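Student: I would like to learn how to read a protein structure, one feature at a time. Could we begin with strands and work outward from there?

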Amino acid sequence: DSSSGHNDNSFFKMPTIKFTQLFINGNFVDSISGRRFETIDPRTEEVIARVSEGDKEDIDVAVEAAREALDRGPWPRMAASERAKIMVKWAELIEENAEEAAALDSMDAGKLYYFNKFAEIPSATNALRYYAGAADKIHGKVLKMNGDFHAYTLMEPIGVVGHIIPWNAPSVSFFIKVSPALAAGCTMVLKPAEQTPLSALFYAHLAKLAGIPDGVLNVVPGFGPTAGAAISSHMDIDAVSFTGSIEVGREVMQSAARSNLKPVSLELGGKSPLIIFDDADIDKAVDLALIGIMSNKGEVCVASSRVYVHEGIYDEFEKKLVEKAKTWVVGDPFDPKSQQGPQADMNQLKKILSYIEHGNREGATLLTGGNRVGNKGYYIQPTIFSNVKEDMLIAQEEIFGPVLALMKFKTMEEAIKSANNSKYGLAAGIMTKNLDTANTMSRSIRAGIVWMNCYFVLGSDVPFGGYKMSGFGKDLGLEALHKYLQTKSVVTPIYSSPW
Ligand code: ADP
């Protein structure tokens with residue numbers, strides 16, 4: 001089954017779209033209803049492919065396959081080093097096919113091709129290798145008990161896992177969910193976002209080539225309220241890992257509670273502050289602020305959407321920032337000159353433009369940008385507002401677009417208060433050369449990750465996830481591995497212990 005990609009691009013030969021069906025039990029199959037949905041190229045607004053639309057009954061079949069693979073299949077039973085070998089093989093296949101994977105995400109999500117190829121896909125394969133390395137280092141403890149007993153703990157796979165992932169980083173979100181679950185010996189059903197199903201299906205194909213046994217990894221594209229809800233409410237899924245919005249996170253947690261009380265982990269976005277003190281290198285701060293919000297067209301959960309600048313350097317900072325924003329290149333994500341591609345879909349475009357309208361109406365000052373670029377493709381100008389008040393919508397809500405709210409502060413106490421004045425707590429950035437300021441700030445900000453004189457730097461070994469309403473349960477690091485394990489304590493008598 002295939003539909004062909006566009007060949008209308010002068011920068012790059014588009015890949016042919018080879019995989020548009022559900023991947024269940026090691027095979028590509030049509031959905032039971034036979035329905036398909038269109039996935040749209042945000043550069044052209046044209047249909048890239050018609051993808052099989054999974055619904056509740058397809059999730060049921062996928063869960064059955066995953067359950068069978070868990071209960072009787074080789075994956076949880078094989079030597080962990082063997083699982084690791086297969087995961088590494090998968091990483092190698094992805095690297096060999098990195099250009100195709102990168103192009104799929106560019107076509108489907110409007111992401112910069114070179115960024116995908118040189119940053120996102122390497123992060124994805126790094127995660128796979130990191131958890132492959134952890135697979136044979138999962139062990140419990142031996143516990144000396146009071147009396148004539150001792151106990152030991154077994155770290156067992158939590159079971160059949162459901163992953164629900166978003167569209168802004170289709171490859172990275174796929175691998176930060178799937179890799180630790182695989183290492184733990186789990187089997188799984190993943191639903192990619194309806195906007196970006198293509199790379200996930202391609203990875204499923206490569207998983208089969210790498211030797212991941214049938215039923216271990218099932219990929220079911222479909223919509224949230226149907227296929228997504230079927231995962232969170234499923235009676236035979238043992239845990240759900242979700243990345244997306246607060247509203248949907250709430251739904252997922254509620255349906256998990258209402259069904260079988262499966263544990264959930266939620267990564268729910270942010271409104272992350274970048275705080276720039278008056279001893280910071282201004283040019284570097286300008287670069288970080290711009291990269292922090294405009295990268296991936298602002299469709300980044302850790303985007304530095306609130307920038308607080310010390311009054312001592314505010315005017316110079318603002319002037320330089322606006323000058324630089326005006327040189328920021330918005331264009332086709334395959335063009336190596338582009339710094340910003342189109343927003344992922346029409347909904348995003350409309351939502352972002354409506355936030356910009358709000359900003360104008362609420363009395364913030366539009367310093368640059370504010371409009372759509374052209375009338376084909378979902379491109380938006382890099383947009384910066386100043387005179388933003390704490391309670392304005394553009395200072396409180398996650399816009400998920402290239403829109404920055406610039407604010408001024410006098411004292412460190414004020415900066416801390418403002419930075420923490422958010423329902424979110426995913427990330428924060430601090431720029432200062434003063435060690436005391438750095439230490440106080442990093443401890444005072446309620447966020448899951450604090451970047452000191454840098455931004456966006458993530459690593460496989462560094463736990464990532466929110467405080468407050470940005471969610472709970474980390475991705476990455478060994479903490480994420482433990483989301484997919486459960487502890488069993490085994491107690492046994494010891495009749496003649498010398499001590
Ligand atoms: P965003 O706002 O980033 O699009 P969403 O939270 O809407 O994020 O979507 C993230 C993922 O959640 C997508 O895969 C989407 O299909 C899925 N989803 C949306 N609604 C539901 C729902 N009611 N139950 C489960 N998953 C859902």
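Tutor: Start with strand S10 (residues 239-243) and strand S11, which run parallel and are joined by four bridges. Keep in mind that this is a predicted model.

Student: Which residue in S11 is the bridge partner of Thr243?

Tutor: Thr243 is paired with Glu267. Glu267 sits in strand S11, which covers residues 264-267.

Student: Which residues of S11 point one way, and which the other?

Tutor: Val264 and Leu266 point to one side of S11, while Ser265 and Glu267 point to the other, and all are buried.

Student: Why does Glu267 count as buried?

Tutor: The idea is to count neighbours: a residue is buried if 20 or more other C-beta atoms lie within 10 Å of its own. Glu267 has 27 such atoms within 10 Å, so it is buried.

Student: Which residues does Glu267 touch, leaving out those up to four places away in sequence?

Tutor: Its contacts are Thr243, Cys301, Gly465, Gly466, Gly471 and Asp475. Thr243 is also its bridge partner.

Student: What does the UniProt record say of Glu267?

Tutor: An unreviewed UniProt entry annotates Glu267 as "active site". Such annotations may be inferred rather than shown by experiment. The unreviewed entry also gives "domain: Aldehyde dehydrogenase" for residues 28-490. In the model that span is 41% helix and 20% strand, and its end C-alpha atoms lie 41 Å apart.

Student: Now a ligand. How many residues surround it, and which are the closest?

Tutor: The ligand is surrounded by 17 residues, and the closest are Gly224, Gly228, Gly244, Ser245 and Val248. By kind, the shell has nine nonpolar, five polar and three charged residues.

Student: Which helices each supply at least two residues of that shell?

Tutor: Helix H7 (224-232) and helix H8 (246-258) do. H7 gives the most, with five residues.

Student: How should I read a helix?

Tutor: An α-helix has 3.6 residues a turn, so residues three or four places apart point the same way. For a case, take helix H9, residues 282-294. H9 has 13 residues and reaches 18 Å from its first C-alpha to its last, close to the expected 18 Å.

Student: Which residues of H9 are buried?

Tutor: They are Ala285, Val286, Leu288, Ala289, Leu290, Gly292, Ile293 and Met294.

Student: What covers the buried residues of H9?

Tutor: The cover includes strands S12 (273-276), S13 (306-310), S16 (403-409) and S18 (427-431), together with helix H10 (314-327).

Student: Can we take one residue from H9 as an example?

Tutor: Gly292 will do, as it is found in that helix. It has 24 other C-beta atoms within 10 Å, so it is buried. Not counting residues up to four places away in sequence, Gly292 touches Leu274, Ala303, Ser304, Gly429, Tyr455 and Phe456. From Gly292 to Arg306 the distance is 9.8 Å, C-alpha to C-alpha, with their positions 14 residues apart in sequence.

Student: S16 was part of that cover. How many of its residues are buried?

Tutor: Seven of its seven residues are buried. Val403, Ala405, Met407 and Phe409 point one way, and Leu404, Leu406 and Lys408 point the other.

Student: How does S16 pair with S13?

Tutor: S13 and S16 pair in the parallel sense, over five bridges. One pair to look at is Val309, whose bridge partner in S16 is Lys408. S16 also pairs in the parallel sense with strand S15 (residues 383-386), over three bridges. There, Thr383 stands opposite Val403.

Student: What about backbone angles? Where is phi positive just after H9?

Tutor: Asn296, just after H9, takes a positive phi of about 50 degrees. Lys297 likewise has a positive phi of about 50 degrees although it is not a glycine. Lys297 is found in the loop between H9 and S13.

Student: Is Lys297 buried or exposed?

Tutor: Lys297 has 31 C-beta neighbours inside 10 Å, so it counts as buried. Set beside it Asn453, in the loop between strand S19 (449-452) and strand S20 (467-468). Asn453 has a positive phi near 55 degrees, and with 15 C-beta neighbours inside 10 Å it counts as partly exposed.

Key: Residues numbered from 1 in each chain as written. Predicted model: local features only at pLDDT ≥ 70, side-chain atom pairs only at ≥ 80, totals over all residues. Near = placed C-beta within 6 Å. Nonpolar A, V, L, I, M, F, W, Y, C, P; charged D, E, K, R; others polar. Expected span 1.5 Å × (residues − 1). Buried ≥ 20, exposed ≤ 12 C-beta atoms within 10 Å, placed from the backbone. Contact = placed C-beta atoms within 7 Å. Pairing = 2+ DSSP bridges.
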